[in-house]
Amino acid sequence: MTGWTLGPEAGLVGFPALGAVVLAITAARGRRLVVGLTLAATLVALVMTLTRLLSVGAYEQDIGGWGAPLGIGWRIDGFAVLMLGLSVAVGIAVSIYSLAYFGDEPGDRRRALFFWPLWFFLWSALHGLFLSRDLFNWYVTLELSGLAAVALIALSGRADALTGSLRYLLLALAASLLYLLGVVVLYSATGSLDLAQVAARLTPGPVALAAILLITAGLVVKSALFPAHFWLPSAHASAPSPVSAVLSALVVKGGFYILARTMTGLWPAAVADGVLLGLGWLGGAAVLWGSLLAIRQQHLKLVIAYSTVAQLGYLFMAFPFWMEGVGEQVASRAWAGAAYQAVSHGLAKAALFLAAGVLIHARGRDDLDALRGLGAHLPVTATAMALAGISLMGIPPGAGFLPKWMMMTAAIQEGRILPIVVLITGGLLAVGYLFRIFRRLLAADDVVLAHPPPRILELAALGLAILSIVTGLSSLPILSLLRIGAPEGFAAYLESVP
Amino acid sequence: MIPDTLIPLAVLLTSFITGIAILLLGEDRVRLRTALNLTGAVLKLVLVMLMLWGVFQGHAYQTRIPFLPGMDLVLRADGMTILFASLSAVLWLLTTIYAIGYLEGAPHRRRFFAYFSFCVTATMGVSLAGNLVTFFLFYEVLTLTTYPLVVHRGTEKSMKAGAVYLAYTLGGSALVLVGMLWLYAIAGPFDFTETGVLGDLFAENRIALTVIFFLLMLGFGVKAALFPFHAWLPAAMVAPAPVSALLHAVAVVKAGAFGMVRVVYDVYGITVCDEEALLPAFMVLAAITILYGSLRALAQDDFKKRLAFSTVSQVSYILLGIAMFGPMGTIGGLVHLVHQGIMKITMFFCAGNVAETLHLHKISELKGVGRRLPLTMGAFTVAALGMIGVPPLAGFISKWHLGLGAIESGHPWILAVLVASSLLNAAYFLPILRTVWFDQPDSPWPAPEGGRRLEASWWLLVPPLATAVLTILVGLLGGSVISPIHWAYLIVGREY
């Protein structure tokens, strides 16, 4: 047992948690100050974690001195820090946005009272998830973030939000149960929950298969992969807009993150291959089905929520490239592509939901036709939507182009045609559903704004949108970050980064 | 002085920064916006002329930015770049002047001029792109930034046109993307290189590379309004006149044509294309488009629609020239890239003037307009005669070289196409000239507003007059260093 060692990464979990507690106690008094300090401290923690990672390489950290298999063990590598960076960027923008979003009306005041502690709590839990490296801590952080998310969805108090949150709650619980069952099976078979130890001790067979299937099924529901996506649109669309942004950009990535971690090298190839292939098929189906449904929606936030269903599909389309026998070049390309997609979608989708919040706030309704002619009144928001849209459509220089390019080059090297067809069709369908929004923004109709939105709302959305273009033009720093501590067999593509 | 490595980037930034600044300015800051627009356009022209002189002296301008592992974004200036970039820079300046006058007092001018600037930035990017992925990036940006301009009026009709425009162009882009992906898989990352980059690779991957060639050429052909992918262009006529000018002469269709030029000369290499018989299919397709566009133009009474179908026809001259193997054909095709731009933009300026001052949109309404708008119609007449191919105007130079190319490459049937097309050009342009100059107006024209002596404001008159003069000069002064035909000769010297 070593002494108390806390690295800078502890601040990523600790500061938001601390902020949540303080905000729960002090309520509205001094809220701006507490929020500001929490954001600044969390950002500093991220920068210090990154600095440490860059100087010492991937490192592990046992909290409270308890090592595997019982304690809380963290692993800090490039992938983790990339996701943490996404979370901090989105989190800061959402927080700044929310300070202005919840106004002075009594209903808003009450909502803000609950929003801040819940949101910072969720933020902290997510950071814990990204830092963890064992199956049980993932369970805990998944559960904590899921419950916070349920409460946040219900925040608006509208009937559809309550239905949406209840449905989400039931499914999240069922998903956790599946996951937990899988973990129990695994523990009984290997006597450990630490990834390295499990990987070393697990032998192929029916037990391993059952564990993998249970864990995967739980995570699939958590990350709303087709056909388990049905809870997502109502939940994400009925939540307050800053909450929608967090849910779509960050929370659903939690399930993906754990799957990506467990699927790269944890399971014996003999049993994992079928699962990987199945996830790929589901991912492709999600892209097409989600996009088609997005095109059919009549409400702004439902369009964006179904777009999330589609965009999550791309993440899973990378999985079949990790099967046994695929070259390391290809596997690593697809792996980097999936990680990149998680980031690019997170930034763009958060920007889109925040911008949608501005538009809905301005018009007081959220049907698509309410958007007609709004672009002329809110050019900054319209620009934010356009930039985020470029990324989601996968058109360069949007960040969404790069993961698609990586996956398509991986597919072509493997001689697989189907993924390419899906990727390109998905892009065209995204043009279809996004231009239903843009078209109306550009219409010549004269509209009167119900409430002119505060400027800061627009700027928060624009900031994330610009970031989603910047990340489309700065792949090399991001890929070289990803290279640090990349799982074995997934580094070949990244080695070529200067 | 700016170092050589930064000049290509600076060329982009002159209009990009202008666009951002305009977005940040208020809608009613008209004077400052006008000043910004003109400063940006003049600055860009100066930089492009600087590059022109430098490239002529053998200078290399190149900006290289890492994009993905092993893949860079490359901006650089070669002969082709100069040909396209100077066309765009000159015409952007004139179109900006025109648009300022045309949109005086209209709503949403901030949005218009911002996207106008972004659109030109993308066009410059297309002309400066040093490899396929850079080209594709700017090509896509061009599509997206043009959309708000196409739907600028915001009516149902313009929204429909915008949807058609997107469906066609992004469909084309998807073909290009697949082709590019496949090509990179076979050939690895490469920069555009004179005489091509494939070499022996072609023989080893004959089928794949043939399919890729068709994917790329047809993909770019959509924007170049190649038959049967041309329908978006006439539909997009609902856009304001300066946008039509931009679509037809400077940016969009030219980007498509320029893409085909790059694929044939700087990716595959004209010799490989010829040896592997990749070109005849496109020669036929170009010939069909030329005749089809002209026939459709004949039937249009709407002024801008007739011009639009004329563009469909005329832009395919470029492809025709490319698809003929032989220096003369290449020269004809390349020079027409510029010549068509100059002539067609004149016509759209004139059509815009007629619509703006007299609110006339149909050719049958133009009786005697020449008396009311003599300068405008004078410019139109020069451009129309040039299109028909009357010597020594711009169109004659193009057609002459294409004709020589047809004989040189052993395809005399092309001559018949050229003759037929010229007759058709005459058949749809000459009646306009006759109506305009010789028919009696049904009723006397209203006097110019505010007792002006001029037929329209200076903003609207200078651009068409300038391009009409250019139409004459590029023909007359073909021997001078900065004439397009001279550059075409220069480029061809390096490609064969």
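1. Start in chain B of this predicted model, at B:Pro228. You'll find this proline in the loop that runs between helix H8 (206-223) and helix H9 (232-235) of chain B. Now look at the bond leading into B:Pro228: B:Phe227 and B:Pro228 are joined by a cis peptide bond, with omega at about 0 degrees.

2. Stay in that loop for another oddity. B:Ala225, also between H8 and H9 of chain B, has a positive phi, near 60 degrees, even though this residue is not a glycine. Is B:Ala225 buried or exposed? Count its surroundings: 30 other C-beta atoms lie within 10 Å, so B:Ala225 is buried. In case you're wondering what makes these spots worth a look, most residues other than glycine have a negative phi, and most peptide bonds are trans.

3. Now flip over to chain A. Here A:Pro227 sits in the loop between helix H8 (206-222) and helix H9 (231-238), and a cis peptide bond links A:Phe226 to A:Pro227, again with omega about 0 degrees. The loop between H8 and H9 of chain A also holds A:Ala224. Its phi is positive, about 55 degrees, although A:Ala224 is no glycine. A:Ala224 is buried because 30 other C-beta atoms lie within 10 Å, where 20 or more are enough to count.

4. Next, have a look at helix H6 of chain A, residues 159-190. How far does H6(A) reach from its first C-alpha to its last? The span is 46 Å over 32 residues, close to the 46 Å expected at 1.5 Å a residue. Just after H6(A) comes A:Gly191, which takes a positive phi of about 70 degrees.

5. H6(A) has plenty of buried residues to click through, among them A:Ala161, A:Gly164, A:Tyr168, A:Leu178, A:Tyr179, A:Val183 and A:Thr190. What do the buried residues of H6(A) pack against? Their partners are helix H5 (135-153), helix H7 (195-201), H8 and H9, in chain A.

6. Last, the place where the chains meet. On the chain B side, 27 residues are in contact with 27 residues of chain A. The elements of chain B that give two or more residues to this side are strand E1 (61-68), helix H5 (132-150) and helix H6 (156-187). Which element gives the most? That's H6(B), with 10 residues. Sorted by class, the side of chain B that touches chain A has 19 nonpolar, five polar and three charged residues.

Note on methods: Residues numbered from 1 in each chain as written. Chains lettered and ligands numbered in written order. Predicted model: local features only at pLDDT ≥ 70, side-chain atom pairs only at ≥ 80, totals over all residues. Contact = placed C-beta atoms within 7 Å. Helix = DSSP H or I, 4+ residues; strand = E, 2+ residues; numbered from the N terminus. Nonpolar A, V, L, I, M, F, W, Y, C, P; charged D, E, K, R; others polar. Buried ≥ 20, exposed ≤ 12 C-beta atoms within 10 Å, placed from the backbone. Expected span 1.5 Å × (residues − 1).
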